[in-house]
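Please open the model in a viewer with secondary structure displayed. The tour below proceeds by selections, with a description of what each one contains.

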Amino acid sequence: MANYVRRTCFVLLTMLFTLAAPLMALAEDIIILHTNDIHCGILDNVGFPHLSQYKKDLKKAGHKVLLVDAGDCVQGAPIGKLSKGESVVRIMNAVKYDFLIPGNHEYDYGMDQFFKLAKMQKSKYHSCNFIDLRTNTLPLAPSKIIKIGGKTLGFVGVTTPQTLNTSTPKFFQDDKGNYIYGFFEDDTGEKLYAQIQKTVDQVRKDGAEYVFIVGHLGMDGSIPRWASPAIAQNTRGIDAIIDGHSHEKYAVRSEKNLDGKDVLITQTGTKLQTVGKLVLKDDGSLESTLETNLKDTDKKIEKLIAKENKKFEPILNQPVGETAFDIRSDNPADKVRRVRNGETNMGDFVADAYKNVLDTDVAIVNGGSLRNNIKKGVFTYASLLEAFPFGNMCAAVECSGQVLLDALEFGASNYPEERGNFMQVSGITYTIDSRIPSSVKLDDKGNFVGVTGEYRVKDVMVNGKPLDLKANYTVGGSNYVLKNGGDGNVMFKDCKLLQDGQISDVDAIMEYVQNYLNAKIPAEYEAWDGQKRIKIIK
C-alpha cells in the first residue's frame, strides 16, 4: 500500500511539473548582447567570430538572445575604406544582428553610399532623430518592437546631432550649403529630448513593456546637451540606454529621469574590447556586465572574414617604410588615446607630412583623424590605412593669423577632456593655459562662432616668430577641416583655397616617408609625447 501511494504521488508530481513547464518557460530572462564603435575591428579583441559563436551557444543553451549595435561599425580600418563599408555589412549580416543604428561615421562615405549600406543591412538602420528637412520625414524607421521570452521590448535608435560636423558637413547640405538633413539639433537639447520622448511614448502605446534606447551619444568629449546622461535626465519611460560614440567602457552608469527613476547606461569601449551583456530578468530588473573571455569561434564567420580580406591583399601588403619605434596616438603607459587632448609623435609626424608635401607655412591636424598606432618595424599601406582610416583628401588654404588662432583655441576648448578637433601642428608652437575657462561660443549645430573672453591659447610662434594676427599664412591639412568645416571648424570657410583633392592623406604620408625621409622614420620622432610643440599649463 505504501509503495502504491509513493508511486501515485510521484506520478501526480510529474504531471504537475509537466503542466507547469510551459508556464515556467514563458517567464524567463532575456539576454541583450550589444556592441558599439567597432570601427571595422572585426578580428580585434573579442572579434566577430567569438561574438557570433557566443550568441549561438547562448541560444543553444535555451536562452532568449538579441544582438544590437550602437553605431560606428563600417569605418576605421582598410576593409571598411576599400569596400566603402560593404564588406563589414556583409559580415554583420552573417553574425545576425537584431537591431542597428547609424553612428556619425556610418555617413563617412557620402549619403548615397549610406543609403546603399542601409538597404544592404538585413536588420536595417534605425534612428528616430535623423530627418530629411526637405520633406520633414524620417528616412529610417525610428524604432522596432520585438516580442521575445513572453515579453514585448521596444528599441529606439538615436544618433548624435554632433554627426553634422563629426562626419563631413557637406554630406548633409545641398549645393548651396543649406542643410537638407538634420538630427533635431538646437542649442538647448530640447528638440532632441522631445523627439525621443515622442518616439518612446509611441513605442509604449504600441505595446512595449520595456524600452531601450540604442544611442550613439556618448559621455566624455560629447556635447553635454546631446550626451546620454542628458537624454536620461530629460525623458521618461526609458529603462536603459545602450550607448556608443565616446569609446568608454562601463557596465553600469545610472541617471535619474524626469520621474526620479533610475536609467541604466552601458557602453563597451571600441573595436570589440568587450561585448555588453544586458540581462532583463523575469522580475523586470536589469543586470549588466561586459564580457571579454569568449573562447569558441564561429568557423563560418572566420571564413567569411578571410574571404573579404583577401580581396584587398595586393594593395594592403605594399611596404611603405620602417620605424625603430612606435608612432603613437595614445599614451603607452595606459593605452588611453592622447591625440585629442595632447601632443604625440603621431601628431607631429602627420602634421610634418602635410606641411612638407603641401609646401605650406604651417600644417594642422585634427586629433580625431588619428586612430591606430604605427608599430615599430616595417609598416605597410595597410598600417597607414589603419592609422588614418577616413580617406580624407588634403587641402591648403591662405588665412589670417586670427583665423589660425581661432582654430587652435577651438581645439583647446574642451581640455582636459577630449575633443576631436584638438590641433596637432607643424611649423607652430603654442601654449594652452587651462586655468582660463574656455569662452568659445558654438551655434546650435556645434560649429565655431567666436571667442567671447580671454583666449586659453597663448604664445603662438610660427616658424620661430610670434603669430601676427593680421598677416596671412598658408595652412596645410585635410579638406575635412580646411574646406568642409569638419568638427565645427567653420572659421576657414571664407579663406582662399589653394589646393584641394589632389592627394589623399594616406598618400601624402606615404610620399613624405618615401621621398622626404628615405623610407625610414628618423629619431626626432622617437619620443611618444612629441617634440614639445604644445605646452600645457595645468
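How many bridges join strand E17 to strand E24, and in which direction do the two strands run? In this predicted model, select residues 393-400 for E17 and residues 472-478 for E24: seven bridges join them, and the strands run antiparallel. Within the pair, Ser400 stands opposite Asn472 of E24.

**The five-stranded sheet**

Extend the selection to the open sheet that holds this pair. Its five strands follow the order E18-E15-E24-E17-E25, and the pairing is mixed. The edges are strand E18 (423-426) and strand E25 (496-504); each has a single partner strand, so one side of each is left without a neighbour in the sheet. On average, neighbouring strands of this sheet are turned by 25 degrees against each other, direction ignored.

Next, add residues 505-516, which form helix H15. This helix packs on the sheet and touches E17 and E25. The direction of H15 makes about 80 degrees with that of E25.

**The four-stranded sheet**

Now turn to another open sheet, made of four strands in the order E23-E22-E19-E26, again with mixed pairing. Strand E23 (465-466) and strand E26 (534-537) are the edge strands, each pairing on one side only. To inspect one edge, select residues 457-462, which are strand E22, together with E23: two bridges join these antiparallel strands. Met461 has Pro466 of E23 as its bridge partner.

Which helix packs on this sheet? Select residues 401-411 to display helix H13, which touches strand E19 (428-433) and E22. The direction of H13 makes about 130 degrees with that of E22.

Is H13 mostly covered or uncovered? Colouring the helix by accessibility shows it mostly covered, with ten of its eleven residues buried, that is, under 20% relative accessible area. Among the buried residues are Val403, Leu404, Leu405, Leu408 and Phe410. The buried set also includes Asp406 and Glu409, as well as Gly401, Ala407 and Gly411.

**The hairpin**

For the last stop, select residues 249-256 (strand E10) and residues 262-268 (strand E11). Six bridges join these two strands, which run antiparallel. At the level of single residues, Lys256 has Asp262 in E11 as its bridge partner.

What do E10 and E11 form, and how many residues lie between them? They form a hairpin with five residues between the strands. Centre the view on Gly260 in the turn, where phi is positive, at about 80 degrees.

Note on methods
Residues are numbered from 1 along each chain as its sequence is written. This is a predicted model: local features need pLDDT of at least 70, side-chain atom pairs count only at pLDDT 80 or more; totals for chains, interfaces and linings use all residues. Side-chain values use heavy atoms; hydrogens and water are left out. Two strands pair if DSSP finds at least two bridges between them. Contact means heavy atoms within 4.5 Å. Axes are lines fitted to C-alpha atoms, for helices over the stretch in contact, and angles run from 0 to 180 degrees between N-to-C directions. Buried means under 20% relative accessible area, exposed over 50%, partly exposed in between (1.4 Å probe, protein chains only).
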